Structure formats: C-alpha cells, structure tokens
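Let's take a friendly walk through this protein, from its overall layout to a few residues worth a closer look. Have the model open beside you as you read.

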Amino acid sequence: SGQTLEVTDKVRHDDMPSGSVVQVVEHVGNGSSSQGYGSSTAYSSTSFVSVDQAALTITPKFATSKILLIISTHIYVTGHSTNDWRGARIRIQRGSTDILTDGNAYGQAMYLVGDSDRWMTHQSNMVYDSPNTTSATTYTLQVSSRVGNAIYLNRGSYGAGGFFLAMEIAQ
C-alpha cells in the first residue's frame with residue numbers, strides 16, 4: 001500500500017521520493033483567465049525584453065530539487081517589409097542566466113513575401129533547471145522580434161490563454 005505525504009515546510013527531503021512534485025507555482029498574469037500573461041503590448045525590439053506580467057517566483061523547499069518550467073504562448077507576428085523572415089524569439093532567464101533560448105536567430109519564424117502578411121502560432125516549451133538553492137528564485141519570460149516588427153503574446157483578440165508555471169521536483 002502507498003504512503004501519502006503532505007508537503008509542508010516540515011517535510012524532510014528524505015520523506016520525498018525522487019520525482020515527487022513538491023510544489024507548483026503558476027503565473028497569474030493580469031488576472032484574466034483568457035489572457036494569461038502578456039497584453040496588448042507590441043514587442044518590436046530586436047534585443048530580448050521582459051514580457052509584461054510574465055515573471056514568476058518559486059522558493060524551493062530543497063536545494064537539491066529540480067525546477068520544471070513550462071510555458072505556453074500564443075504568438076501573433078505583424079506585417080513588415082516584403083520578402084523577409086519574420087519571427088518571435090523566446091527566452092527564459094533565472095536572474096541573468098539563460099535557462100531556455102531558441103538557440104538561433106529565427107525563433108518561431110516564417111518567410112513572407114507580402115508586406116502586409118502576418119501570421120500566428122502557438123508555442124509550448126519545457127525546460128529543467130537546477131537552481132541549487134532554497135532562496136526565492138525568479139524566472140522571467142522574454143521576447144525579441146527577428147526584424148523589428150511588432151510581436152504580440154496572448155493578445156486577447158487574436159488568441160489568448162498562455163501560461164507560465166514552475167514545478168519543484170524532488171531528487
């Protein structure tokens with residue numbers, strides 16, 4: 001028969017079987033379940049900038065824990081010049097350390113011929129982090145535009161519903 005453990009501050013590391021979910025922190029965003037994080041903000045910087053309302057903080061109970069980060073983002077890429085690659089690059093940072101990055105210059109991209117062409121996609125990412133701390137740890141979602149045209153994340157009128165969460169996993 002299985003043993004049920006209640007996860008509290010008094011639970012010892014030895015009480016948690018490896019792989020157990022210790023806690024889950026979900027980003028609440030602006031409080032609208034249909035919006036998730038993000039807003040009508042247009043991100044057009046070709047350098048990474050923090051997404052409004054898209055930082056979450058988790059305080060690991062055990063220094064040996066891993067943190068599983070999961071994001072889901074609706075991306076709307078607006079028109080730009082003709083015959084050009086347009087895209088949104090996504091990254092997650094812990095402090096100034098890159099935890100997740102697209103790893104190339106294109107990100108979620110599409111080559112478009114017309115200057116008024118635009119496109120949408122939904123992107124999900126997962127990444128496993130080892131912060132090695134029991135201090136509050138903040139993860140920030142960032143975005144950049146491939147060529148400087150406007151990028152919208154989870155914009156309600158185009159496709160909302162993104163989320164950003166962190167799960168502490170006992171080791």
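Helices and strands here are DSSP runs, with at least four residues for a helix and at least two for a strand, numbered from the N terminus. With that in hand, one loop can be placed: Asn132 sits between S7 and strand S8 (137-145). Please keep in mind throughout that this is a predicted model.

## Overall layout

The protein has ten strands and one helix. Reading from the N terminus, the order of elements is β-β-β-β-β-β-β-β-β-α-β. Of the 171 residues in the protein, 43% are buried. Among contacts with a separation of 6 or more, 80% join residues that are 24 or more positions apart. The accessible surface comes to about 8300 Å², and carbon and sulfur atoms account for 46% of that area.

## The nonpolar interior

In soluble globular proteins, nonpolar side chains tend to be buried together. Here, the largest nonpolar core has 24 residues, and those with the most contacts inside it are Leu69, Ile92, Tyr139, Leu141, Val143, Ile151 and Phe164. At least two residues of this core come from each of strand S2 (49-58), strand S3 (66-77), strand S4 (84-94), strand S5 (97-101), S7, S8, strand S9 (151-153) and strand S10 (163-169). S3 gives the largest share, with five residues. Apart from this core lies another one of five residues, including Leu68, Leu165, Met167 and Ile169.

Ile92 is a good place to zoom in. Leaving aside residues up to four places away in sequence, Ile92 touches Leu69, Ile71, Thr97, Asp98, Ile99, Leu100, Val127, Tyr139, Thr140, Leu141 and Phe164.

## Charged residues and their partners

How many salt bridges does the structure hold? There are two, and they are listed here.

| Salt bridge | Closest N to O distance |
|---|---|
| Arg91 and Asp98 | 3.7 Å |
| Arg94 and Asp129 | 2.7 Å |

Take the pair of Arg94 and Asp129, whose side chains meet in a salt bridge. Arg94 belongs to strand S4 and Asp129 to strand S7, so this pair ties together parts that are 35 residues apart in sequence. Asp129 counts as buried because its relative accessibility is 6%, whereas Arg94, at 22%, counts as partly exposed. In the other pair, Arg91 is buried, with a relative accessible area of 16%, while Asp98 is partly exposed at 39%.

Another arginine deserves a look: Arg89, which also lies in strand S4. Is Arg89 buried or exposed? Its relative accessible area is 13%, so Arg89 is buried. The side chain of Arg89 reaches two backbone oxygens: that of Thr46 at 3.0 Å and that of Ser145 at 3.2 Å.

## Thr137 and its surroundings

Thr137 lies in strand S8 and counts as buried because its relative accessibility is 7%. Which residues does Thr137 touch, not counting those up to four places away in sequence? They are Leu56, Thr57, Ile58, Pro60, Arg94 and Pro131. For Thr137 and Pro60, the sequence separation is 77 residues, and their C-alpha atoms are 7.8 Å apart. The side chain of Thr137 also reaches the backbone oxygen of Ser135 at 3.0 Å.

## Loops and surface

Now back to Asn132, in the loop between S7 and S8. Most residues other than glycine have a negative phi. Asn132 is not a glycine, yet its phi is positive, at about 50 degrees. With a relative accessible area of 57%, Asn132 is exposed.

The loop between strand S6 (108-112) and strand S7 (119-129) holds Val113, and Ser116 is found in the loop between S6 and S7 too. Val113 counts as exposed because its relative accessibility is 53%; Ser116, at 48%, counts as partly exposed. Ser116 and His80 are 36 residues apart in sequence, with a C-alpha to C-alpha distance of 6.5 Å.

Val113 also takes part in a nonpolar patch on the surface, together with Trp85 and Tyr111. The accessible area of these three residues together is about 300 Å².

Notes: Residues numbered from 1 in each chain as written. Predicted model: local features only at pLDDT ≥ 70, side-chain atom pairs only at ≥ 80, totals over all residues. Heavy atoms only, no water. Patch = residues over 30% accessible without salt bridge, like charges linked within 9 Å, V, L, I, M, F, W, Y side chains within 5 Å. Areas by Shrake-Rupley, 256 points an atom, 1.4 Å probe, with all protein chains shown as cover. Salt bridge = Lys/Arg side-chain N within 4 Å of Asp/Glu carboxyl O. Buried < 20%, exposed > 50% of the residue type's maximum accessible area, 1.4 Å probe, protein only. Core = buried A, V, L, I, M, F, W, Y, C linked by side-chain atoms within 4.5 Å. Contact = heavy atoms within 4.5 Å. Polar contact = N/O pair within 3.5 Å; in protein donor to acceptor, adjacent residues only side chain to side chain.
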